[in-house]
Amino acid sequence: MTTITTERPLDTVADFPAIPDGWAYLDTAATSQKPQPVIDAITRGYDQTYATVHRGVYQRSADMTLAYEAARNRVASFIGGKPDEIVFVRGATEGINLVAQCWAGTQLKAGDRILLSMLEHHSNIVPWQMVAERIGAAIDVVPLTADGRIDLDAAAAMLTPAHKLVAFAHVSNVLGSVLDVERAVALAHGVGAKILVDGCQAVPRLPVDVTALGCDFYVFSGHKLYGPTGIGVLWGKPELLDAMPPWQGGGSMIDKVSFQRTTYAAPPGRFEAGTPHIVGALGLHAAIDYVESIGLTRIHAHETALVTQARTALAAIPCIRLFGPEDSAGIVSFAMQGVHPHDIGTILDEAQVAIRAGHHCAQPLMEVLGVEATARASFGVYNGPRDVEALVAGIARVARIFG
Ligand SMILES: Cc1ncc(COP(=O)(O)O)c(C=O)c1O
């Protein structure tokens with residue numbers, strides 16, 4: 001992977017009203033703070049332009065429908081898909097469950113196999129277990145390389161024609177390791193399997209083009225991309241979405257309803273039963289405009305520089321164990337000998353540094369790392385070198401307190 005360096009920090013913190021001066025918010029991998037244009041788009045959506053979509057015959061509703069569909073178009077252009085391939089969901093979790101139930105649940109049969117990896121978020125494990133249990137399919141788990149990447153050589157050796165689905169994270173939420181998606185796609189397709197990529201931690205950190213990547217499904221959450229909670233995206237190849245039965249029944253997802261027989265709308269409407277998160281879509285639109293106004297290549301370079309700064313400084317503290325590869329994307333996980341990550345998090349909080357401590361919804365990965373939990377600093381566009389300095393100073397204090 002090429003490492004690009006930025007000439008200057010992004011200096012965007014003033015765009016984020018919920019980040020007070022002197023607070024180092026280092027929990028963007030959990031959820032990102034919201035820039036003013038996103039807050040404004042949400043406020044405008046409720047206090048000026050609010051109405052339902054897809055149904056109203058009055059002008060306000062027609063305008064809101066256009067705005068909602070414009071958000072879908074914006075998502076499509078952002079990730080290199082087409083609008084009809086974009087299904088609005090609550091978040092990555094719902095997107096994965098949708099594919100598990102509606103694609104795997106109808107296409108797989110007893111004896112088929114699903115390939116996951118050791119670093120997956122629970123959202124990319126449990127939905128597959130639920131469907132596998134129901135249909136009698138089996139799950140295999142790819143190990144990691146020593147530096148914490150999904151071991152694609154091992155995946156190549158494990159894949160067989162019985163594997164019908166591969167589901168990997170594009171960027172690990174714990175280790176920050178970046179998947180070689182093109183290679184993973186080639187391996188999956190080489191045995192006739194489909195591949196879902198969990199892009200939750202990738203879309204805020206790297207340029208993503210689903211067409212160039214060649215995957216079959218891609219999911220992400222709006223709230224990790226500087227947008228609102230409650231809105232996310234499932235992108236799927238049109239022929240796969242088209243062959244999938246609906247997920248939930250209700251308004252908006254139908255073609256015609258009678259008590260004798262109901263027919264369904266074409267995708268994406270087929271998978272969007274009920275009144276959608278209208279204003280959430282507008283907020284997501286504004287979030288995409290915001291990150292693209294900076295540029296994902298610049299954001300990636302900026303976060304890479306912060307990761308390098310943090311890893312270098314933390315590595316110099318003797319009791320620190322760093323996880324993940326050197327070139328991780330925006331995320332640094334670590335442990336301190338003899339100190340529970342929760343204590344690290346609490347002491348850092350006193351110093352105005354907010355990190356995440358815990359298993360990060362990746363318990364199998366914790367087992368691989370041989371720890372119960374890690375401390376995790378994750379960066380966003382609003383962070384700068386001073387935040388890393390605050391983190392490192394806080395860790396030095398933790399070391400002093402615990403001797
Ligand atoms: C890699 C990854 N996948 C999936 C999820 C689930 O996202 P959400 O809770 O927004 O559905 C997360 C959230 O932390 C994540 O980091």
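Guide: Let's start with R376 and D27, which are both buried. "Buried" means under 20% relative accessible area, "exposed" means over 50%, and "partly exposed" is in between (1.4 Å probe, protein chains only). This is a predicted model, where local features need pLDDT of at least 70 and side-chain atom pairs pLDDT 80 or more, while totals for chains, interfaces and linings use all residues. Residues are numbered from 1 along each chain as its sequence is written, and side-chain values use heavy atoms, leaving out hydrogens and water.

Visitor: Why is the contact of R376 with D27 called a salt bridge?

Guide: The rule asks for a side-chain nitrogen of Lys or Arg within 4 Å of a carboxyl oxygen of Asp or Glu. The closest N and O atoms of R376 and D27 are 3.4 Å apart, so the pair passes. As for the background, side chains of opposite charge can pair when their charged atoms come close.

Visitor: How many salt bridges does the structure hold?

Guide: There are 16. Another one joins R149 and D327, with closest N and O atoms 3.1 Å apart. That pair links distant parts of the chain, 178 residues apart: R149 is in the loop between β4 and α5, D327 in the loop between β11 and β12. The β and α names stand for DSSP runs numbered from the N terminus: helices (H or I) have at least four residues, strands (E) at least two.

Visitor: And R149 and D327: buried, exposed or partly exposed?

Guide: R149 has a relative accessible area of 25%, so R149 is partly exposed. D327 comes out at 22%, so D327 is partly exposed too.

Visitor: What about R311 and E326 in their salt bridge: buried or exposed?

Guide: Their closest N and O atoms are 3.6 Å apart. R311 lies in helix α10 and E326 in the loop between β11 and β12, so the bridge ties together parts 15 residues apart in sequence. At 5% relative accessibility, R311 counts as buried. E326 has 61%, so E326 counts as exposed.

Visitor: Why is the aromatic pair of F16 and Y382 called edge-to-face?

Guide: Rings of Phe, Tyr and Trp (its six-membered ring) pair if their centres lie within 6.5 Å; planes under 30 degrees apart are stacked, over 60 edge-to-face, and the rest tilted. By this rule there are 9 aromatic pairs. F16 and Y382 sit 4.7 Å centre to centre with 80° between the planes, so edge-to-face is the right label. The two are 366 residues apart: F16 is in the segment before β1, Y382 in the loop between β15 and α13.

Visitor: How do you know whether F16 is buried or exposed?

Guide: F16 has 2% relative accessibility, so F16 counts as buried. Y382, at 5%, is buried as well. Both belong to one aromatic cluster, along with W23, Y25, Y226 and Y290.

Visitor: What makes D198 a polar contact of the ligand?

Guide: A polar contact is a pair of N or O atoms within 3.5 Å; within protein, one must be able to donate a hydrogen and the other to accept it, and residues adjacent in sequence count only if both atoms are side-chain atoms. A polar side-chain atom of D198 lies 2.5 Å from a nitrogen atom of the ligand, so that one fits. H223 does it with a polar side-chain atom 2.7 Å from a ligand oxygen.
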